[in-house]
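Grab a pencil and your favourite viewer. Below are some exercises, each with a solution worked through in steps.

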Amino acid sequence: MICASMQSFSGLSLLLRGLTGQRGWTPQWRSPEPKAEYDALIVGGGGHGLGAAYYLASEHRLTNIAVLEKGWIGGGNTGRNTTIIRSNYLWDESAALYEHALKLWEDLSRALNYNTMFSQRGVMMLAHTVHDAQVFKRHVHANRVNGIDNEWLTAEQAKAFCPPLNIENIRYPVLGAALQRRGGTARHDAVAWGYARAADASGSTSSRTARSPASAATDAARWRPSRLRAARYAHRASAWRRRVTPASS
Ligand SMILES: Cc1cc2nc3c(=O)[nH]c(=O)nc-3n(C[C@H](O)[C@H](O)[C@H](O)COP(=O)(O)OP(=O)(O)OC[C@H]3O[C@@H](n4cnc5c(N)ncnc54)[C@H](O)[C@@H]3O)c2cc1C
């Protein structure tokens, strides 16, 4: 869902801004004064928190949402991961969940009007031992039963897919590989920014808070979660969760 007030990106707009010294860009999301009450409060402005805000707004028409972020948007795990996207997980439930996500990724840049740099160049996992080969083949068969693309390649086929691959002159030679051709990479922090601006345009607010770092202590008083009220409350603070103080809702 793209709101009319959101500044849109296109090849032409990028060219025009480039020719005019990059002037005219506006902030992509707000960092407003907090309101006393929200329908939903989300702690953590990573991919999950901002994705939750975006889909609460676009799918469930909930627009009075605040996302509380103590650092910067997309600066958590979302901004420092390996960037791999794939859905070839073993268990039926995982595979279904990740396949749904992969299908969302395929249309996300268009839906958000924001380049997530998603590239389906394929994700190949190399088998170096008999055990690896058995496990990967098990994944391949389970995925194919679920209609998810995953294929077993011989070492030679793996090298044909990725010519720089050294399959022989190494301590643990490559015995084969599992390849998901629809897998690939994306820039996850760009996804967080895309979600942030789309959620913001639909009424949610992405905001900084200062729960932990002393450097932002001035914000802490006004953003102390015990002073905010919400009908729903979600922690999306991931690995930082142990530092989160439970908030009243
Ligand atoms: C090294 C590494 C490699 C990875 N590789 C991949 C990969 O290849 N593919 C893949 O899909 N996944 C990968 N992941 C996993 C993926 O990055 C995470 O699952 C995902 O980023 C989690 O998103 P999140 O929004 O839950 O957390 P985060 O992105 O960590 O966001 C949490 C946010 O909460 C904020 N926060 C914390 N405490 C508070 C507080 N008290 N108040 C306010 N804000 C707070 C933090 O500042 C942070 O911005 C990898 C992870 C790591 C660490």
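**Exercise 1. The main core**

Find out how many residues the largest nonpolar core has, and which elements give two or more residues to it.

*Solution.* Keep in mind that you're working with a predicted model.

Step 1: Count the members. The largest nonpolar core holds 33 residues, and the ones with the most contacts inside it are Ile42, Leu50, Ala53, Ile65, Tyr195, Ala196 and Ala199.

Step 2: Map them onto elements. Two or more core residues come from each of strand S1 (37-43), helix H2 (47-60), strand S2 (65-69), helix H3 (92-112) and helix H6 (188-201).

Step 3: Look for the main contributor. That's H6, whose nine residues make up the largest share of this core.

Step 4: Check the domains. Domain 1 (36-82 + 187-243) and domain 2 (84-185) each supply at least three residues to this core.

Step 5: Look elsewhere in the chain. There's a second, separate core of 10 residues, which includes Leu126, Phe136, Leu153 and Ala158.

For background, nonpolar side chains in soluble globular proteins tend to be buried together.

**Exercise 2. Zooming in on two core residues**

List what Ile65 touches, leaving out residues up to four places away in sequence. Then decide: is Ala199 buried or exposed?

*Solution.* Step 1: Start at Ile65. Its contacts are Tyr38, Asp39, Ala40, Ile42, Ala53, Leu56, Ala57 and Ser204, with residues up to four places away in sequence not counted.

Step 2: Move to Ala199, which sits in helix H6. The cut-off for a buried residue is 20 or more other C-beta atoms within 10 Å. Ala199 has 31 C-beta neighbours inside 10 Å, so Ala199 counts as buried.

Step 3: Pick a partner far off in sequence. Ala199 and Leu50 are 149 residues apart along the chain, yet their C-alpha atoms are separated by 7.2 Å.

Step 4: Put that in context. Among contacts in the chain with a separation of 6 or more, 75% are between residues 24 or more positions apart.

**Exercise 3. A helix pair**

Describe how H2 and H6 cross, and name the residues that make the contact.

*Solution.* Step 1: Decide what to report. Two packed helices are described by the angle between their axes and the distance between the axes.

Step 2: Read off both. The H2 and H6 axes come within 8 Å and cross at roughly 35 degrees.

Step 3: Add the hand, which is left-handed for this crossing of H2 and H6.

Step 4: Name the contact residues. H2 brings Gly47, Leu50, Gly51, Ala53, Tyr54 and Ala57, while H6 brings His188, Val191, Ala192, Tyr195, Ala196, Ala198 and Ala199.

**Exercise 4. A three-stranded sheet**

Work out the strand order of the open sheet of three strands. Which strands stand at the edges?

*Solution.* Step 1: Take the first pair. Strand S4 (residues 123-127) runs antiparallel to S6, and five bridges join them. Val123 has Gln180 as its bridge partner in S6, and Met124 has Leu179.

Step 2: Take the other pair. Strand S5 (residues 151-154) and S6 are also antiparallel, with four bridges between them. Here the partner of Trp152 in S6 is Ala178.

Step 3: Put the pairs together. The order is S4-S6-S5, with antiparallel pairing.

Step 4: Find the edges. S4 and S5 each have a single partner strand, so one side of each is left without a neighbour in the sheet.

Step 5: Note the twist. On average, neighbouring strands of this sheet are turned by 25 degrees against each other, direction ignored.

Step 6: Check the burial of S6 (residues 176-180): five of its five residues are buried. Gly176, Ala178 and Gln180 cover one side, Ala177 and Leu179 the other, and both faces are covered.

**Exercise 5. Positive phi**

Where do Thr83 and Met117 sit, and why do they count as partly exposed?

*Solution.* Step 1: Take the angles. Phi is near 75 degrees for Thr83 and near 55 degrees for Met117, a positive value in a residue other than glycine in each case.

Step 2: Place them. Thr83 lies in the loop between S2 and strand S3 (84-85), and Met117 in the loop between H3 and S4.

Step 3: Count neighbours. Thr83 has 14 C-beta neighbours inside 10 Å, so Thr83 counts as partly exposed. Met117 also has 14, and therefore counts as partly exposed.

Methods. Residues numbered from 1 in each chain as written. Predicted model: local features only at pLDDT ≥ 70, side-chain atom pairs only at ≥ 80, totals over all residues. Core = buried A, V, L, I, M, F, W, Y, C linked by C-beta atoms within 7 Å. Buried ≥ 20, exposed ≤ 12 C-beta atoms within 10 Å, placed from the backbone. Domains from an automatic or database assignment. Contact = placed C-beta atoms within 7 Å. Pairing = 2+ DSSP bridges. Axes fitted to C-alpha atoms, helices over the stretch in contact; angles between N-to-C directions. Left-handed = near helix turned anticlockwise from the far one by under 90°.
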